[in-house]
Amino acid sequence: MKIIVNKTEYDIDVEPNMPLLWVLRDILNLTGTKYGCGIGVCKACTVLIDGYPEQSCSIPISYVEGKEVTTIEGLSINGEHPLQIAWKELSVSQCGYCQPGQIIRAAYLISKIPKPTVEDINKEMSEHICRCGTYKKIRDAILWATKD
Ligand code: FES
Ligand code: FES
């Protein structure tokens, strides 16, 4: 089965119902995407599929055949995406576990709304769970990244 992840094509030999997250982490060694709940609730495992955020723990690999998957590793080569810079500037992360999924969701948000309001941010980011409570810092970082 051929899949495209971060603009690279991979030919993989796995069961078609293997979750995308397993393929990313265990086959492709792209461990930036995290496993949290495994049932589509926490959003830690969020990646972009053809530009839209999806939960990779709950998507069979067969679903992404012919589609473009983007993980946190694919957002920029050297961590130079405006969101990644903002995350560092504002020291958003605590344990960091939820953050790749949060940044991927934020990237989707600013791809459709380049200058989001606080309301836009709250609405888009509200389903992501952060056990460390970094919600305000995440909001501030998205505003910081999109201010100019
Ligand atoms: S690990 Fe996928 S939503 Fe929680
Ligand atoms: S930074 Fe720890 S879970 Fe979000």
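This is a short walk through a predicted model, from its sheet to its cores. Residues are numbered from 1 along each chain as its sequence is written, and chains are lettered from A. Local features need pLDDT of at least 70 and side-chain atom pairs count only at pLDDT 80 or more, while totals use all residues; side-chain values use heavy atoms, without hydrogens or water.

Let us start with the sheet. Its 5 strands (DSSP E runs of at least two residues) follow the order E2-E1-E5-E3-E4 in an open, mixed arrangement, two strands being paired if DSSP finds at least two bridges between them. Strand E2 (8-11) and strand E4 (52-55) each have a single partner strand, so one side of each is left without a neighbour in the sheet. Further in, E1 (residues 2-5) and E5 (residues 68-70) run parallel, joined by 2 bridges, and Val5 has Val69 as its bridge partner.

Next come the helices (DSSP H or I runs of at least four residues). Helix H1 (residues 20-27) lies across E1, E3 and E5, whereas H3 packs on the sheet by touching E3, E4 and E5.

Finally, look at the largest nonpolar core, which has 20 residues. Such a core is a set of buried Ala, Val, Leu, Ile, Met, Phe, Trp, Tyr and Cys residues joined through side-chain atoms within 4.5 Å, buried meaning under 20% relative accessible area with a 1.4 Å probe, protein chains only. Leu83, Trp87 and Ile142 touch the most other members. Helices H2, H3, H4 and H5 each supply at least two residues, and H3 gives the largest share, 7 residues. Apart from this core lies another, of 15 residues, among them Ile3 and Val69.

Terms used. Buried means under 20% relative accessible area, exposed over 50%, partly exposed in between (1.4 Å probe, protein chains only). Contact means heavy atoms within 4.5 Å. Axes are lines fitted to C-alpha atoms, for helices over the stretch in contact, and angles run from 0 to 180 degrees between N-to-C directions.
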